[in-house]
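Me: I am new to this structure and would like to understand the reasoning behind each label, taken step by step. Could you go through it with me carefully?
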Amino acid sequence: MPTKPKRFTRFAKAAAHFTGKPACFLLALLIVVGWAATGPLFGFGDTWQLVINTGTTIVTFLMVFLIQNTQNRDSNALHLKIDELLRALDAADTRLVDLEERSEAELQQLHDRYKALAKGAGLDPERSSEPETGGGNERATTARRRNQGARGGVQEPKAQQPKT
């Protein structure tokens, strides 16, 4: 049962939704045009420039936090959805669940592994555009067997020796 979002979350969602609309962009554009039009009235002075600089700085500062809150929430939801898909598919490699929690070195090791797998499967763009035959079903069968027991949790990758 979903819980009621907290006030800040509701506010951040509403603000992000509003500021992403064309009407909000138009409002900001009108403010800038209005500010520029008042330049001759105020002699293009320091105070006149300070008004727009201060206003844009404050708005930017606050929007950074609202955007980051929305981005974090969306990213977490997306990760959960992808994790569930990985767990649900028999041929998926469940070791890829929660990659966002891995170190840069672990991510690089996985990247190198999948790059090598792509070359072996004939998916390397530098090689022939024709995929090699054989091996594809064996990989899916191996992954399916490995993942059958992983439904209750995530399998950790085996530690790899650093390359020398």
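Me: What makes some parts of this model more trustworthy to its predictor than others, on the 0 to 100 scale of pLDDT?

Reply: This is a predicted model, and the protein averages a pLDDT of 80, with 73% of the residues scoring at least 70. Over residues 146-155 the pLDDT is below 50, although this stretch has 24 contacts in the model beyond near neighbours in sequence. Residues 127-135 also stay under 50, and for them the model has 11 contacts beyond four places in sequence. Among the helices, confidence is lowest in H5 (residues 136-148), at a mean of 54, and highest in H2, at 95.

Me: How do you know what the secondary structure of the protein consists of?

Reply: The count comes to 5 helices and 0 strands, and read from the N terminus the elements run α-α-α-α-α.

Me: How do you know whether the span of helix H3 is close to the expected one?

Reply: The expected span is 1.5 Å times one less than the number of residues. Helix H3 (residues 46-88) has 43 residues, for which 63 Å is expected, and the distance from its first C-alpha to its last is 62 Å, so the span is close to the expected value.

Me: Which residues of H3 are called buried, and what covers them?

Reply: Buried means under 20% relative accessible area, and in H3 the residues that meet this are Trp48, Ile52, Leu66, Asn69, Thr70, Asp83 and Leu86. Their cover includes helix H1 (7-19) and helix H2 (22-37). Across the protein, buried residues make up 15% of the 164 residues.

Me: Why is the pair of Arg113 and Asp93 called a salt bridge?

Reply: The label requires a side-chain nitrogen of Lys or Arg within 4 Å of a carboxyl oxygen of Asp or Glu. In this pair the closest N and O atoms are 3.4 Å apart, which is within that limit, and therefore Arg113 and Asp93 form a salt bridge. By this rule the count comes to 1 salt bridge.

Me: What does the pair tie together?

Reply: Arg113 lies in helix H4 (residues 104-120), whereas Asp93 lies in the loop between H3 and H4, so the salt bridge ties together parts that are 20 residues apart in sequence.

Me: How do you know whether Arg113 and Asp93 are buried or partly exposed?

Reply: Buried means under 20% relative accessible area, and partly exposed lies between that and 50%. Asp93 has a relative accessible area of 7%, so Asp93 is buried, while Arg113, at 25%, counts as partly exposed.

Conventions. Residues are numbered from 1 along each chain as its sequence is written. Side-chain values use heavy atoms; hydrogens and water are left out. Helices (H or I, at least four residues) and strands (E, at least two) are DSSP runs, numbered from the N terminus. Buried means under 20% relative accessible area, exposed over 50%, partly exposed in between (1.4 Å probe, protein chains only). Contact means heavy atoms within 4.5 Å.
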